[in-house]
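Ready for a walk through this protein? Keep your viewer open, and select each stop as we reach it.

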Amino acid sequence: MTMSFTLAVPKGVFAAVIGPSGSGKSTLLSLIAGFERPLSGHVSLDGEDMTDVPPDKRPVNMIFQDNNVFPHLDLWQNVAIGVAPSLRLTAQQTLAVDAALKRVGLFDLKHRKPGDVSGGERQRVAIARALVRDRPILLLDEPFAALGPGLRADMLGLLSDVQKERGLTVLMVTHQPEDALAAASLTIFIADGRVRAARPTQELFEATDLPDLRAYLGDWRSERR
């Protein structure tokens, strides 16, 4: 499937990205992060052309559903590696790691290994690492898909708080309409490798002019009425 995206997301917005499996949601995030390069066109971040800029030089953090932590490192080290891969931190960096762990409620668990904490706590590690890297764009690819409803709601609340505090621009891929409604002011619908719509979240879910969206949501919309 050929994919072609045309999209502009305002700075400082929390946006959800929804659509069928295989429609291009993860590819869109990979293009923004620099893990994939477009065959044509360009990627502009905060007004600068980043098309040829490698991932580590882009103003972007990315959190995946899995593989956010290194199992042989404790939680503190997993956060610290985000600012110093050698784990040789300055005093200021050490304070920043401690502050990030406190912000996500993990400071008292900092010496535990990822295998000794819950899935939600491992995702908190990934958020803390994003905090210490302090980049203005945060991309999340189904970060809470493996979590139950209650824990997912807690994670979304934490993420929303961090987004507002830092003024981050967030794009979060999710298959849960409730996640978009709870956290995102803008929702982007992707189907067949194209951005079909990007509208205020409530407006998008109430739209009647998008048959692909109606098919994707199925009975979900009628069940909410």
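Start by selecting strands S7 and S8, which form a hairpin with two residues between them. In the turn you will find Asp 192, whose phi is positive, at about 55°. Bear in mind as you look around that this is a predicted model.

Now show the pairing within this hairpin. Six bridges join S7 to S8 (residues 194–200), and the two strands run antiparallel. To see one matched position, pick Ile 190, which stands opposite Val 195 in S8.

Next, add strand S1, residues 14–18, to your selection. How do S1 and S7 run, parallel or antiparallel? They run parallel, and four bridges join them. Here the position to highlight is Ile 18, which stands opposite Phe 189 in S7.

Stay with S7 (residues 186–191) and turn on the surface of everything else. How many of the six residues of S7 are buried? Six of the six are, so the strand is largely enclosed by the rest of the structure. Colour its two faces separately to see how this works out. On one side sit Leu 186, Ile 188 and Ile 190, and on the other Thr 187, Phe 189 and Ala 191. Both faces are covered, with the residues on each side all buried.

From the strands, move to a helix. Select H5, residues 149–166, and pick out Ser 160 within it. Is Ser 160 buried or exposed? Its relative accessible area is 11%, and because buried means under 20%, Ser 160 counts as buried. Show what surrounds this serine: leaving aside neighbours within four places in sequence, Ser 160 is in contact with Phe 14 and Ala 183. You can also draw a distance from Ser 160 to Ala 182. These two are 22 residues apart in sequence, and their C-alpha atoms are 9.1 Å apart in space.

For a contrast, go to Phe 107. You will find this residue in the loop between helix H3 (91–103) and helix H4 (119–133). Phe 107 counts as partly exposed because its relative accessibility is 24%, and that class lies between the 20% and 50% limits. Which residues does Phe 107 touch, not counting those up to four places away in sequence? They are Asp 98, Leu 101 and Lys 102. Now draw a longer line, from Phe 107 to Thr 51: the two are 56 residues apart along the chain, and their C-alpha atoms are separated by 38 Å.

Finally, zoom out to the whole protein. Its secondary structure comes to nine helices and eight strands. Turn the C-alpha trace along its principal axes and you will see a span of about 55 × 40 × 30 Å. The radius of gyration is 18 Å, which agrees with the value near 17 Å that a compact globule of 225 residues would have. Of those 225 residues, 46% count as buried. Try colouring by charge as a last view: there are 26 positive and 27 negative side chains, and the centres of the two sets lie 3 Å apart. With the surface switched on, you are looking at about 11400 Å² of accessible area, of which 48% belongs to carbon and sulfur atoms.

Definitions and conventions:
Residues numbered from 1 in each chain as written. Predicted model: local features only at pLDDT ≥ 70, side-chain atom pairs only at ≥ 80, totals over all residues. Heavy atoms only, no water. Buried < 20%, exposed > 50% of the residue type's maximum accessible area, 1.4 Å probe, protein only. Contact = heavy atoms within 4.5 Å. Rg over C-alpha atoms; globule rule 2.2 N^0.38 Å. Areas by Shrake-Rupley, 256 points an atom, 1.4 Å probe, with all protein chains shown as cover. Lys, Arg positive; Asp, Glu negative; His and termini not counted. Charge placed at Lys NZ, Arg CZ, Asp CG, Glu CD. Pairing = 2+ DSSP bridges.
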